[in-house]
There are 2 protein chains.
Amino acid sequence: MTRLQKEIQQKKPFESLEAEVFLSLERTADQLLRRAEAELKTHGLSPTQYNVLRILRGAGPAGLACSQIAERMVTRDPDITRLLDRLEHRGLVRRARELKDRRVIMVRISPHGLQLLKRLDGPIRRMHCRSLGRLQKSRLRLLVQLLDQIREEPGNATVP
Amino acid sequence: MTRLQKEIQQKKPFESLEAEVFLSLERTADQLLRRAEAELKTHGLSPTQYNVLRILRGAGPAGLACSQIAERMVTRDPDITRLLDRLEHRGLVRRARELKDRRVIMVRISPHGLQLLKRLDGPIRRMHCRSLGRLQKSRLRLLVQLLDQIREEPGNATVP
DNA sequence: GCATAATAGTTGTTATAACGACTATTGTCA
DNA sequence: TGACAATAGTCGTTATAACAACTATTATGC
């Protein structure tokens, strides 16, 4: 009986190794996300909002267009507009219409937003280490490799 | 530059290997979930609803109490009641108050629900293989091990 | 045996996600 | 150059997630 089977109290064996990997991945990702969520919530941020702020910090003072933010997000969000509405309302980002192409709106992180991120950097790093520090560096590198391989070119694998 | 950095167009290196694993895990899980979602949506189910139906099928005709369903879910859901409301409304599950302990409500999957799951079994298995069949069995087993290790006893790792 | 705590679910409310239709602006090419 | 397509973002709506307060039922301890 595998560890995951115990966790979800499943009596029957998994239909396939692939099914087990799938569930294991979702469950692990969910568990880690909950911990991040708990950490971020103390500062009133959701993981998605945090992700956007990080992206904007990375982009620097030039800022990014909404669509560019969407491209870079870890998990896809179909409604960047209102996500940014909330952040702007709290004074964490600023929006400005582009003069050259007036369809585009550039978004920049505000000093207030940068300050908030700075306060979160330490706690988040510690959370990462609490969650993952148990594994040796070599195993973490291996894990990154395996995950990369999964995300690579979907739908090319042979189906039995 | 790592594969993930290209995907999320990040210029700076990751703050730590742990941070990279975290993002990589979330992104991979999200990508696989989207594919499952697309498959399930053609039958009007969300991943969470599908998960509940699978749990109930596994439980057999005895059914499960709401709280037991919650325990077994892959991703935690704080509102089982309304999740079940929707499934019951569509005739996929049935609820019955327990006579011995009248606080408890037992939930069972209906024949209609079983039938729906049966139609999904093939497509979902093929989706798993499309997503993960690219990796050798040995690498999949390794991945399961690594993920198990992450979920094990949170908060015991040493923090630098 | 009765007050109190604990457990199992439900319900109200707010916020966010998902989907699709819509507006404004720019690019294309006949 | 003027119709039409493409692109960027917004808005309306519905459904679901999250949080907290609430009801009903059972267990506990004096």
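**Exercise 1. Which residue of β3(B) is the bridge partner of R95(B)?**

Solution. The structure is a predicted model.

Step 1. Begin with the strands that pair. Strand β2 of chain B, residues 93-97, pairs with β3(B) in the antiparallel sense, and five bridges link them.

Step 2. Locate the residue within that pairing. The bridge partner of R95(B) in β3(B) is V107(B).

Step 3. Turn to the other pairing of β3(B). Strand β1 of chain B (residues 64-65) pairs with strand β3 (residues 105-109) of chain B over two bridges, again in the antiparallel sense. Here L64(B) has V107(B) as its bridge partner.

**Exercise 2. Determine the strand order of the sheet in chain B and identify its edges, then do likewise for chain A.**

Solution.

Step 1. Strands of a sheet pair through backbone hydrogen bonds, either parallel or antiparallel. In chain B, three strands form an open sheet in the order β1-β3-β2, with antiparallel pairing.

Step 2. β1 and β2 of chain B each have a single partner strand and stand at the edges, so one side of each has no neighbour in the sheet.

Step 3. In chain A, the open sheet of three strands likewise has the order β1-β3-β2, with antiparallel pairing. Its edge strands are β1 (64-65) and β2 (93-97) of chain A, each pairing on one side only.

Step 4. A detail of the pairing in chain A completes the solution. β1(A) runs antiparallel to strand β3 (residues 105-109) of chain A, and two bridges join them. The bridge partner of L64(A) in β3(A) is V107(A).

**Exercise 3. Establish how chain B is related to chain A, and describe the contact between them.**

Solution.

Step 1. Superpose the copies. A turn of 180° with a shift of 0.0 Å along the axis lays chain B on chain A with an RMSD of 0.0 Å.

Step 2. The two copies are therefore related as by a two-fold rotation axis. The same surface serves both copies, since 100% of the contact residues of chain B recur in chain A.

Step 3. Consider the extent of the contact. Chain B contributes 69 residues and chain A contributes 69 residues. Between them the chains bury about 7500 Å², of which 60% is on carbon and sulfur atoms. E18(B), R134(B) and R151(B) supply 10% of the area that chain B buries against chain A, more than any other three residues.

**Exercise 4. Characterise the polar and charged pairs across the interface, and the elements that form the side of chain B that touches chain A.**

Solution.

Step 1. Count the charged pairs. Over all chains, the whole structure holds 23 salt bridges; the count between chain B and chain A is six.

Step 2. Examine one example. The side chains of E15(A) and R54(B) form a salt bridge, at 3.1 Å from N to O. E15(A) lies in the loop between α1 (3-7) and α2 (17-41) of chain A, and R54(B) lies in helix α3 of chain B, so the pair joins two chains.

Step 3. Extend the count to polar contacts. Across the interface of chain B and chain A, 22 residue pairs are in polar contact, both residues being at pLDDT 80 or more.

Step 4. Assign the contact residues to elements. On the side of chain B that touches chain A, the elements giving two or more residues are α1 (3-7), α2 (17-41), α3 (47-59), α4 (66-72), α6 (111-132) and α7 (137-151) of chain B. α2(B) provides the largest share, 20 residues.

Step 5. Classify the residues. This side of chain B divides into 29 nonpolar, 13 polar and 27 charged residues.

Conventions:
Residues are numbered from 1 along each chain as its sequence is written. Chains are lettered from A and ligands numbered from 1 in the order in which they are written. This is a predicted model: local features need pLDDT of at least 70, side-chain atom pairs count only at pLDDT 80 or more; totals for chains, interfaces and linings use all residues. Side-chain values use heavy atoms; hydrogens and water are left out. Two strands pair if DSSP finds at least two bridges between them. Helices (H or I, at least four residues) and strands (E, at least two) are DSSP runs, numbered from the N terminus. Copies are superposed by least squares on the C-alpha atoms of residues with pLDDT of at least 70 in both. Contact means heavy atoms within 4.5 Å. Buried area is the accessible area (1.4 Å probe) that two parts lose on being put together, summed over both. A salt bridge is a side-chain nitrogen of Lys or Arg within 4 Å of a carboxyl oxygen of Asp or Glu. A polar contact is a pair of N or O atoms within 3.5 Å; within protein, one must be able to donate a hydrogen and the other to accept it, and residues adjacent in sequence count only if both atoms are side-chain atoms. Ala, Val, Leu, Ile, Met, Phe, Trp, Tyr, Cys and Pro count as nonpolar, Asp, Glu, Lys and Arg as charged, and the others, Gly among them, as polar.
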